[in-house]
Amino acid sequence: MKPKYFVVSQTLECGQCFNFNKISDENYVVTAYGKLLHIYNEGEDVVFENTTVQDFENIWVKYFDLDKDYMDIVSKLRDKDEIIKEAIDYASGIRIINQEFFQCLISFIISQNNRIPRIKKIVNNLSRRYGEYIGTIEGEEYFSFPLASKLYGITAEELMESSTGFRGKYIVDAVNKYVEGYFEEDKFQQMTAFEIREKLMETKGIGPKVADCVILFSLGKRDAFPTDVWVKRVMSYFYFNQQDTGIKEIHDFAYKTFGERAGYAQQYLFNYARNFKIK
DNA sequence: ATCCAGGCCCGAT
DNA sequence: ATCGGGCATGGA
């Protein structure tokens, strides 16, 4: 396929997901929904290999947000101001990935006070230990992210053998709540981002930022605006005259300025800030 | 070696 | 309600 506004590397490497492996430039292996995908560029085409037409239509179109009109999203955001315009133009091939709720929940619990390569490492450790083998591509074995039922009953001490660190106990709480039906996923679509946030934050180890990531990256609510250190920096720097600004003020500004597209804006800004190491 | 990472918990004000 | 120390781990 030949989609606009889709660069594989930008979409995968912008810090929103951790279950992929880079083979070479614009050549990646992705695992999601228990499936394996080899995805790479060939000229202007994006090739989906190692998959079926059914999986492409049922899984990957939704996963890579290919049913959304990014031409429209990008043009409306670019018109807001020069800052978001520059952030978008820096990496306009980013798309928001629609991840599985459980995997996203655990991944972003792991993300706290951590670095992206290590988050990937820990997600991979858990998959190798508790997930299923789903195939080999170019000599590398791949494993699906573990089912919640597979993690149920695993102690924090054992999870720490996969380098989760102090987050082991948080994962235990999240797994227990998930398996026991506490989250009621089927009700999320009728709830606002704010309501879901309150619900998610009742789990130990899930605060506002982790909750917003789960809401944006797995529940399709594009008005969520996860504000980590980088987003705080880039917003303070460009929109608040380089003055260190509180999360609440940044949130209010973001919702007012970017509205229903705040989540997309956040991802362009995060990527921009991180790549330019804005202090 | 010391610092810090897509934060959050918890106890002290 | 807000603030600061502590937290597992490992790479710079």
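Modeller: A polar contact is a pair of N or O atoms within 3.5 Å; within protein, one must be able to donate a hydrogen and the other to accept it, and residues adjacent in sequence count only if both atoms are side-chain atoms. This is a predicted model, in which local features need pLDDT of at least 70 and side-chain atom pairs pLDDT 80 or more, while totals for chains, interfaces and linings use all residues. Residues are numbered from 1 along each chain as its sequence is written, chains are lettered from A and ligands numbered from 1 in the order written, and side-chain values use heavy atoms, without hydrogens and water.

Colleague: How far does a polar side-chain atom of Arg 115 lie from a base oxygen of DNA strand B?

Modeller: Arg 115 is one of the closest of the 29 residues that surround DNA strand B, where a residue is near the strand if one of its heavy atoms lies within 4 Å of it. From a polar atom in the side chain of Arg 115 to a base oxygen of that strand, the distance is 2.4 Å.

Colleague: Which residue has a polar backbone atom 3.0 Å from a phosphate oxygen of DNA strand B?

Modeller: Of the strand's atoms within 4 Å of the protein, 61% belong to sugar or phosphate and the rest to bases. A base oxygen is 2.8 Å from an N or O atom in the side chain of Gln 267, whereas the phosphate oxygen at 3.0 Å faces a polar backbone atom of Val 210.

Colleague: Within what arc do the buried residues of α6 fall?

Modeller: Helix α6, residues 116-130, is a DSSP run of H or I with at least four residues. Ile 119, Ile 122, Val 123, Leu 126, Ser 127 and Tyr 130 are buried there, meaning under 20% relative accessible area with a 1.4 Å probe and protein chains only, as against over 50% for exposed and partly exposed in between. Judged by the directions from the helix axis to the C-beta atoms, these residues line one face of the helix, because they fall within an arc of 135 degrees.

Colleague: Is Asn 27 buried or exposed?

Modeller: Asn 27 is in strand β2 (residues 27-32), a strand being a DSSP run of E with at least two residues. Its side chain makes a polar contact of 2.7 Å with the side chain of His 38. Since Asn 27 has 12% relative accessibility, this residue counts as buried.

Definitions and conventions: The expected span of a helix is 1.5 Å times one less than its number of residues.
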